[in-house]
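User: I am new to this structure and would be grateful for a close look at a single part, the site where the ligands are bound. Please describe it in one connected account.

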Amino acid sequence: AKNQGKNRYSVYTSDLLEGAKDEYRLETDLRKAVEQEEFVLHYQPQINPRTGKIIGVEALIRWQHPTLGLLPPDKFIKLAEDNGLINPIGKWVIKEACAQNKRWQDAGYPPLKVSVNLSTQQFLTSDLVTYMENTLEKTGLDSQYLVVEITEYMAMEYEYSLKVLKKLKEIGIGISIDDFGTGYSSLAYLNNFPIDYIKIDKSFVFEIINDQPSAYIVKAIITLAHNLQMQVIAEGVETEEQLDFLINQQCDLVQGFHFSKPLPVDELERSYLNGNPN
Ligand code: C2E
Ligand code: CA
Ligand code: CA
Ligand code: CA
């Protein structure tokens, strides 16, 4: 048994070393990726479930790695947050999402709101508001077509966050609380932060049919949001049953694999925009 333990231990350490080497390589690669802009945005439709119309899209980043292929954000966002690369990456996301949305408008597609995810670190960077303002000006996108998705963690820096959000609001940028109910939620911020949308996390949506408590939570979130004059977006809608439940509960917008995965630009245009002419 002792022997076995020792073997297991050595296997474990060499795995750890491998893991550390991989992580180091990935970090080196990520620096290069930032310089060479090896990222792409995929866009997931946000749909009015009563009309079936696309109202907006959420921009979700992927890394086109030269040898590993297309990497999803959970493979590199955490790393980027740890080494500070999230700031240049986050700026690229804002710039690209605004430019793409303007290209769609210029091409004559019906105007969409584009939502971008902000990491906490990026949100707390002092030049965020200026950067967003400048980017809107440079790309020519009207601020009403840009939404930022922030998480409840940002409410922990209460005074600072309030200041930033008020400035974004003044510019005309929409504000959405992502992953609502999964983080640090004191709820105290809800009546003071200028919030337009609450996004119900997919972990609740997945359970609404089979788990009574999740259904109650979702109903309560929708009622709360509507009483506070906010709109609700449900993410992770995968089935007809979930969709029916959300329609019955007056959920404003839905997003999920039932409608579409996040799509590259050309596929989104083919599937959602061409069939929806001005
Ligand atoms: P999130 O903001 O909560 O985004 C929703 C995630 O759920 C996306 O994964 C999306 O593809 C996935 N999803 C959407 N509908 C469904 C569904 O019906 N079923 C299931 N199983 N999943 C669904 P993705 O694209 O892998 O992104 C993961 C996370 O990475 C995002 O979670 C967000 O926190 C982060 N992320 C993505 N893009 C960015 C970015 O540009 N900047 C930052 N800071 N974070 C990003
Ligand atoms: Ca999001
Ligand atoms: Ca989520
Ligand atoms: Ca998130």
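**The ligand site**

Analyst: In this predicted model, a nitrogen atom of ligand 1 is found 2.5 Å from an N or O atom in the side chain of Glu-238. The protein covers 82% of the 800 Å² of accessible area that ligand 1 has on its own. Two further polar side chains approach oxygen atoms of ligand 1: a polar side-chain atom of Arg-62 lies 2.9 Å from one oxygen atom, and for a polar side-chain atom of Lys-202 the distance to an oxygen atom is 3.2 Å.

The position of ligand 1 within the protein may be described next. Ligand 1 occupies the largest pocket. There are 20 residues around ligand 1, and those that come nearest are Gln-44, Arg-62, Asn-117, Glu-238 and Phe-257. Sorted by class, the shell consists of 8 nonpolar, 5 polar and 7 charged residues. Strands β2 (54–65) and β6 (174–180) each supply at least two residues of this shell. The largest share comes from β2, with 4 residues.

Two calcium ions complete this account. The calcium ion that is ligand 2 is coordinated by Glu-58 (OE), Asn-117 (OD1), Glu-149 (OE) and Asp-178 (OD), at 2.1 to 2.3 Å. Along the chain, these donors follow the spacing E-x58-N-x31-E-x28-D. Asn-117 belongs to strand β4 (residues 113–117) and Asp-178 to strand β6, so this pair ties together parts that are 61 residues apart in sequence. Asn-117 is also one of the residues that come nearest to ligand 1.

The other calcium ion, ligand 3, has as its protein donors Asp-179 (OD), Asp-201 (OD), Glu-235 (OE) and Glu-235 (OE), which lie 2.1 to 3.1 Å from the ion. Glu-235 is thus listed twice among these donors. In sequence, the donor residues of ligand 3 are spaced D-x21-D-x33-E. Asp-179 lies in strand β6, whereas Glu-235 lies in the loop between β8 (231–234) and α9 (240–248), so the pair ties together parts that are 56 residues apart in sequence.

The two calcium ions, ligand 2 and ligand 3, are 5.5 Å apart. Strand β6 recurs in this description: Asp-178, a donor to ligand 2, lies in β6, as does Asp-179, a donor to ligand 3, and β6 also supplies at least two residues of the shell around ligand 1.

Key: Residues are numbered from 1 along each chain as its sequence is written. Chains are lettered from A and ligands numbered from 1 in the order in which they are written. This is a predicted model: local features need pLDDT of at least 70, side-chain atom pairs count only at pLDDT 80 or more; totals for chains, interfaces and linings use all residues. Side-chain values use heavy atoms; hydrogens and water are left out. A residue is near a molecule or strand if one of its heavy atoms lies within 4 Å of it. A polar contact is a pair of N or O atoms within 3.5 Å; within protein, one must be able to donate a hydrogen and the other to accept it, and residues adjacent in sequence count only if both atoms are side-chain atoms. Accessible areas come from the Shrake-Rupley method with a 1.4 Å probe; for residues, only the protein chains shown count as cover. On a 1 Å grid over the protein atoms alone, a cavity is a set of points where a 1.4 Å probe fits but cannot get out, and a pocket is an open set with protein on both sides within 12 Å along at least five of seven lines; lining residues have an atom within 4 Å of a point. A molecule sits in a cavity or pocket if more than half of its atoms lie within 2 Å of its grid points. Ala, Val, Leu, Ile, Met, Phe, Trp, Tyr, Cys and Pro count as nonpolar, Asp, Glu, Lys and Arg as charged, and the others, Gly among them, as polar. Donors are N, O and S atoms within 2.8 Å of the metal (3.2 Å for Na, K and Ca); water is not among the atoms, so sites may look incomplete.
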